[in-house]
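Let's take a walk through this model, starting with a pocket and moving on to a helix beside it. Keep the structure open as you read.

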Amino acid sequence: NIELDVARKVGFKGITTPSGTAAIALAQDYKPHAVLLDISLPDIDGWRVLKRLKDDVTLRHIPVYVISTIDRPERGLRLGAQVSGPGSDPEGCGRST
């Protein structure tokens with residue numbers, strides 16, 4: 001996992017899972033400082049994971065960074081995410097480049 005390796009090299013701790021369901025449970029258990037979320041998950045849609053995280057009053061303050069090859073930054077921004085990936089605007093405006 002490239003993201004986890006990079007995070008650990010700069011002193012962060014991290015937990016990974018390929019499961020959206022497990023990601024929600026882990027966020028509830030650990031209350032992380034941030035979440036990196038891929039939209040393409042094997043069990044549930046990553047957009048649904050994002051919505052559930054942002055609908056939970058105990059988790060909604062946690063920044064969620066959507067990292068995906070899916071070019072839908074405006075949807076991520078509308079649901080409360082920080083968006084990164086191909087076509088995303090680094091200024092956070094949600095416009096594709």
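## What lines the largest pocket

The lining of the largest pocket comprises 20 nonpolar residues, eight polar and four charged. Keep in mind that this is a predicted model. The pocket holds about 1100 Å³ of space, and 32 residues line it. If you would like to find its centre, look for Gly14, Ile15, Ala34, Val35 and Leu36, which are the lining residues nearest to that point.

Helix H1 (2-9), helix H2 (20-30), strand S1 (35-37) and strand S2 (64-67) are the elements that each supply two or more residues to this lining. Which of them gives the most? That is H2, with five residues.

## The two sides of H2

Now turn to H2 itself, where Gly20, Ile24 and Ala27 are the buried residues. Viewed down the helix axis, these buried residues fall within an arc of 65 degrees, so they line one face of H2. The partner they pack against is helix H3 (46-55).

Asp29 and Tyr30, by contrast, are exposed on the other side of H2.

## How H2 begins and ends

Both ends of H2 are worth a look. At the N-terminal end, Ser19 acts as the cap, with a side-chain oxygen lying 3.3 Å from the backbone nitrogen of Thr21.

What follows H2 at its other end? Here you will find Lys31, whose phi is positive, near 45 degrees.

Note on methods: Residues are numbered from 1 along each chain as its sequence is written. This is a predicted model: local features need pLDDT of at least 70, side-chain atom pairs count only at pLDDT 80 or more; totals for chains, interfaces and linings use all residues. Side-chain values use heavy atoms; hydrogens and water are left out. On a 1 Å grid over the protein atoms alone, a cavity is a set of points where a 1.4 Å probe fits but cannot get out, and a pocket is an open set with protein on both sides within 12 Å along at least five of seven lines; lining residues have an atom within 4 Å of a point. Grid points are joined across faces, edges and corners, and a volume is the space filled by probe spheres set on the points. Helices (H or I, at least four residues) and strands (E, at least two) are DSSP runs, numbered from the N terminus. Ala, Val, Leu, Ile, Met, Phe, Trp, Tyr, Cys and Pro count as nonpolar, Asp, Glu, Lys and Arg as charged, and the others, Gly among them, as polar. Buried means under 20% relative accessible area, exposed over 50%, partly exposed in between (1.4 Å probe, protein chains only). The arc is that of the directions from the helix axis to the C-beta atoms. Contact means heavy atoms within 4.5 Å. A polar contact is a pair of N or O atoms within 3.5 Å; within protein, one must be able to donate a hydrogen and the other to accept it, and residues adjacent in sequence count only if both atoms are side-chain atoms.
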